[in-house]
Amino acid sequence: MKKSSGVKPQVSHFKKLTCSGCSKAYPHNRPQTVCQTCGAPLLAEYDTRAIGASVKREDLRGRPASIWRYRDFLPLPPTLDPVTLHEGFTPLVRLGREPRRLKLDELWLKDESKNPGFTFKARGMSVAVSKAVELKLERLALRSAGNAAAPFAAYTARAGLRSLIAMPKDAPELTLLACEMLGARVSLQRGSLEDCTQFVQTAALKDGYFDLSSFAEPYRLEGDKTLGMELAEDFNWELPDWVIYPGDGGMGLIGMWKAWRELEEAGFIGKKRPKLLFVQGEGCAGIVKAFQSGEDRAETVTTPTGVAAGLRVGKTLGDNLILRALHESGGAAVAVPDSAIINAMKDLARSEGILAAPEGAASLAGLRRALEQGLIKRSERIVLVNTNTGLKYANLVR
Ligand SMILES: *Cc1c(COP(=O)(O)O)cnc(C)c1O
Ligand SMILES: [Zn+2]
């Protein structure tokens, strides 16, 4: 057993899976998908008091520089080594010129492009593929707008599992090449992401593939939540005033919100939470629309458009949880046009030296919009999340 692969707690504090819609409990010793009664995502629950009693935040020093430093809050049993490529522990960069231009006191960027596969989705994949190994699943499938695919292919390759990916044919070409190189079987679908979902569900029925798509199973969210844990540790356990997150499925945002609750229950942080700003592209803004009209569910966007592949989803099982987190945090949701996203990509590259993807640049475009609307005060401490590398999209700036 490699020492670097993670800390082993003596006991697992993972207690159960509970439906986020109807609270029905599900056993976690076999594979689970979504709630069989109401279709909502299942959430992992921990004995957070017991975690707090057995580990203090000082104990994290000297642990692995990856998401597995938070292993006490993750669902893997102590006897198993995780499937890891050193995901997480990404740089938090203080920006310089851009905040001066916007007259902001403090602007930071969490650079998730430094993850394996160059996107924050590596976090969730590390945990979900580790759980798949524990549960003896041998064939995993994914539908992806593009960005989850490369980390999925990387972790399944590392675990020695068979992988099948369905992507729309307009997904970034470098992603396709990376997946092929990593040995995944890729099927490019002519239609929308819905067609990809159909393809994966058929493969599940016919060939016994287990679906690892967003919210189709409960464990990617657990990996994604480590982004919230890391932000707390990055700021020495005093969370910032705003976290600006570009999304559509909402796994990152819901994960962070869950993480902060668990950290507070375990005594790692106090009551203070950041306000969350959810940023979408104008061509796929179902959550923004629902937030603005006070709905608790979002309508499906049937033909999502926009330059940011990671923001072209149009339908999420997490809509209700996203909207709840935005309201509870006192946050907001804004939509930005492609032109503002591309300008923000250029500005981050040329003023800050950061190759942000359009999804990540959308968070800067969203900040600018929120400042215009008076949602954010210039004295507040603000964090942008760059969820992906700009290299896949350098042609947009040219
Ligand atoms: C998937 C993705 C997002 C948004 O994902 P959520 O499910 O909303 O958390 C943002 N940026 C990139 C690059 C992505 O791949
Ligand atoms: Zn339910």
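How are the donor residues of the zinc ion (ligand 2) spaced in sequence? In this predicted model, the spacing follows the pattern C-x2-C-x12-C-x2-C. The protein donors are the SG atoms of Cys19, Cys22, Cys35 and Cys38, which lie 2.2 to 2.3 Å from the zinc ion (ligand 2). Cys22 and Cys35, 13 residues apart, link distant parts of the chain. Cys22 belongs to the loop between strand 1 (14–19) and strand 2 (25–26), whereas Cys35 belongs to the loop between strand 2 and strand 3 (42–46).

The geometry of the site was then examined. The 4 donor atoms subtend angles of 95 to 119° around the zinc ion (ligand 2), and the arrangement is therefore tetrahedral. For four tetrahedral donors, the ideal angle at a metal is 109.5 degrees. With regard to solvent accessibility, Cys35 is buried, its relative accessibility being 3%. Cys22, by contrast, has a relative accessible area of 36% and is partly exposed.

At the level of the whole chain, the secondary structure consists of 14 helices and 13 strands. The radius of gyration is 20 Å, close to the 21 Å given by the globule rule for 398 residues, so the chain is as compact as a globular protein of that length. The C-alpha trace spans about 50 × 50 × 40 Å along its principal axes. Of the 398 residues, 60% are buried. Among contacts between residues at least 6 apart in sequence, 71% join residues at least 24 apart. The exposed area of the chain is about 16300 Å², of which carbon and sulfur atoms supply 49%.

Terms used. Residues numbered from 1 in each chain as written. Chains lettered and ligands numbered in written order. Predicted model: local features only at pLDDT ≥ 70, side-chain atom pairs only at ≥ 80, totals over all residues. Heavy atoms only, no water. Donors = N, O, S within 2.8 Å, 3.2 Å for Na, K, Ca; no water. Tetrahedral: all angles 85-135°; square planar, octahedral: opposite > 155°, others 65-115°. Helix = DSSP H or I, 4+ residues; strand = E, 2+ residues; numbered from the N terminus. Buried < 20%, exposed > 50% of the residue type's maximum accessible area, 1.4 Å probe, protein only. Rg over C-alpha atoms; globule rule 2.2 N^0.38 Å. Contact = heavy atoms within 4.5 Å. Areas by Shrake-Rupley, 256 points an atom, 1.4 Å probe, with all protein chains shown as cover.
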